[in-house]
Amino acid sequence: MDTSLSTIAVVGLGTMGTGIAEVLALAGREVIGIDISEAAALGAVTSLEASTARAVGRGRITEQERTDALARFRTSDDLRTAADAELVIEVVPETYEIKQQVFRELDAIVSPAAILATGTNALSVTRLAAESQHPERVLGLHFFNPAPAMKLVEVVSSVLTAPPAVEAVTALARELGKEPVAVGDRPGFVADGLLFGYLNQAAAMYEANYASREDIDAAMKLGCGLPMGPLALLDLIGIDTARTVLEAMYAESHDRLHAPAPVLGQLSSAGLTGRKAGRGFYTYDAPGGQAVVPDALTPAADAASGAGRDVASVGVAGSGTMASGIAEVFAKAGYDVVLAARSQEKADVAKGRIAKSLERSVTKGRLTAEARDETLARITAAGSLDAFAEVDLAVEAVAEDLEIKQQLFAALDKVCRPGAVLATTTSSLPVVAIARATARPEDVIGMHFFNPAPAMKLVEVVRTVLTADDVHATVRAVCARIRKHPVDCGDRAGFIVNALLFPYLNNAIKMVEEHYASLDDIDAAMKLGGGYPMGPFELLDVVGLDVSLAIEKVLHQEFRDPGLAPAPLLEHLVAAGCLGRKTGRGFREYARR
């Protein structure tokens, strides 16, 4: 098997095929671009000329390198021009019939030593290979869009693929400046296998009218640091493409989490396939456009306005990191804050933590010494909830235990004045169950801050069926004053962020359990292919495996979906005391501080 791979044919000159051709030509390969459409071939040449011109303008390549790359790229409408190619990469439409036809024709054209690669992200590489006269040379080579910018390449082996073919394309990927990860043959592979399940759940969440498209997307961007929200990403990928991938995943897994949300089929059937059609979950300025324009579903600027209650003082109950962070946020925004703990000593320690945080901000130039002193002066440390007698808003940030929170709210009910808003920061417990511990459940609402509270912009505002309208309006207005982005959601397990994040993390664990891919490859795939700031196993170890398991259990109990059952490996690690960074060992081992 020839492994030099100096002449490469790319079959299919759409956006992906053209991008792959550009990467190869710039890396010194002779590239034959093949497409039955003369317009597509011409468009590929034009695109390559424009892209390389931009690269010269930005100083990424020289004019000579551009000239040489363009000279190495030629196009054809005849598959027979691939005869001398040592590697053929097909990126034709995502159907077995079209891809199998391409492979059958290539069998009669190319050398038996040539490698045939499919760019599929949804179809079985094994099934495509089985149709070939030489199945040992067929593999998957899954680039990500846009190919010139995205570093990840998934190298997909079937049970029939010869190791030298895998080694050759893996070496090629590295020479192209990409990060290859080795994966087995199943729909979605690693990155899309995890990504599309998450996107599907977001679509189902929207379809259920649980939250608006804007709030779902904002929650995942601000709460998880993702570059795009899931519904905007579905529009970019193409809703019809996403549905095809999910259908293939569900056919193999029979996991309800992969069964395409009906809204995907409805939008696809209506031709509302996303950006390329000018409309999908959002409406765009034109087909193929990027700018979102208002439509009938766009919330009015004053949609969340309403008569709220006056809030001048805030009580924060708790002494941990989250409580002190929330107290700092309110004090910075000009509120008088009472920080109450179970003892005066604990309250003083919590205020001391805030003082250190403010000092770090001064050192980094983010805060003046005067502002530090004024902020700290607004915080009163108290050893009893009795200090909440006159606060306008009481926020609890104690242990994530329903009984503890109910006891606390029963106490707040007695201490706080009539009309005070009572907020819980729970991330997984039913807010209404906490509210019912009081005689005024209409005054209770969820305010789920994210850690670290001073840095994270998101607050999930959780209404129960009993929450008063003016309480909701009050909390929205408070969020604006403390410079947080509120998203509205109903009172169900996980709210928006955790309900979408933790099934994705659970599915990553299942991949490792099934020996489908390694921890490192999965983390690399999601960072490089999905734009995630951390891989799933890095994130699990930071969050804490015990915390993650508790959230998984709550989600499973609430939704009763077998696919949400915690992965056994997660349960085993928690039982063994391997809880992540805080214990020095989780999915990985860490140096003890």
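A residue counts as buried here when its relative accessible area is under 20%. Ile 20 is a good place to try that out: its relative accessibility is 2%, so Ile 20 is buried. Keep in mind as you look around that this is a predicted model.

Ile 20 sits in helix 1, which covers residues 15-26. Leave out residues up to four places away in sequence, and Ile 20 touches Val 10, Ile 89, Val 91, Phe 143 and Ala 147. Some of these names lead straight to the strands we look at next. For a sense of scale, Ile 20 and Val 183 are 163 residues apart in sequence, and their C-alpha atoms are 20 Å apart in space.

Now to the sheet that holds strand 8. It is an open sheet of 8 strands, with mixed pairing and the order 3-2-1-4-5-6-7-8. Strand 3 (73-76) and strand 8 (179-183) are the edge strands, each pairing on one side only. Ignoring direction, neighbouring strands in this sheet are turned by 25° against each other on average. At the strand 8 end, the partner is strand 7 (residues 152-156), and the two pair in the parallel sense over 5 bridges. If you want a spot to zoom in on, Val 156 stands opposite Val 183 in strand 8. Then find helix 4 (residues 96-107), which lies across strand 1 (7-11), strand 4 (87-90), strand 5 (115-118) and strand 6 (138-143). Helix 4 runs at about 170° to strand 5.

Further along the chain, there is another open sheet to trace. Its 8 strands come in the order 13-12-11-14-15-16-17-18, and the pairing is mixed. Strand 13 (379-382) and strand 18 (485-490) stand at the edges; each has a single partner strand, so one side of each is left without a neighbour in the sheet. The twist from one strand to the next averages 25°. Within this sheet, strand 11 (residues 313-317) and strand 14 (residues 393-396) run parallel and are joined by 4 bridges. One of the pairs to look for is Val 314 with its bridge partner in strand 14, Leu 393. Helix 8 packs on this sheet, touching strand 17 (458-463) and strand 18. The direction of helix 8 makes about 125° with that of strand 18.

Helix 8 turns up again when we go looking for open space. The second largest pocket holds about 1400 Å³. Its lining is made of 41 residues, and the closest to the pocket centre are Met 322, Phe 450, Asn 451, Val 543 and Val 547. Several elements each supply at least two residues of that lining: helix 8 (213-224), helix 12 (321-332), strand 16 (444-449), helix 18, helix 20 (536-543) and helix 21 (545-559). Which helix gives the most to the lining of the second largest pocket? That would be helix 21, with 5 residues.

Helix 18 deserves a stop of its own. Asn 498 is found in this helix, which spans residues 497-513. With a relative accessible area of 7%, Asn 498 is buried. Setting aside neighbours within four places in sequence, its contacts are Ser 427, His 448, Pro 503, Ile 551 and Leu 555.

Pro 503 also belongs to the lining of the largest cavity, together with Leu 194, Gly 197, Tyr 198, Gln 201, Leu 257, Ala 499, Leu 500, Tyr 504 and Asn 507. The structure has 2 cavities of 30 Å³ or more, and the largest has a volume of about 60 Å³. Helix 7 (191-207) and helix 18 each supply at least two of its lining residues. Helix 18 gives the most here, with 5 residues.

Last, the cysteines. A disulfide is a covalent bond between the sulfur atoms of two cysteines. How many disulfides does a search of the whole structure find? The count is 0. Cys 224, for one, is in no disulfide, and the nearest cysteine sulfur, that of Cys 489, is 13 Å away. Cys 224 is buried, with a relative accessible area of 16%. Why is Cys 479 not bonded to Cys 489? The sulfur of Cys 489 is the closest cysteine sulfur to that of Cys 479, but at 11 Å it is too far for a bond. Cys 479 also counts as buried, at 0% relative accessibility.

Conventions:
Residues are numbered from 1 along each chain as its sequence is written. This is a predicted model: local features need pLDDT of at least 70, side-chain atom pairs count only at pLDDT 80 or more; totals for chains, interfaces and linings use all residues. Side-chain values use heavy atoms; hydrogens and water are left out. Buried means under 20% relative accessible area, exposed over 50%, partly exposed in between (1.4 Å probe, protein chains only). Contact means heavy atoms within 4.5 Å. A disulfide is a pair of cysteine sulfur atoms within 2.5 Å. Two strands pair if DSSP finds at least two bridges between them. Axes are lines fitted to C-alpha atoms, for helices over the stretch in contact, and angles run from 0 to 180 degrees between N-to-C directions. On a 1 Å grid over the protein atoms alone, a cavity is a set of points where a 1.4 Å probe fits but cannot get out, and a pocket is an open set with protein on both sides within 12 Å along at least five of seven lines; lining residues have an atom within 4 Å of a point. Grid points are joined across faces, edges and corners, and a volume is the space filled by probe spheres set on the points.
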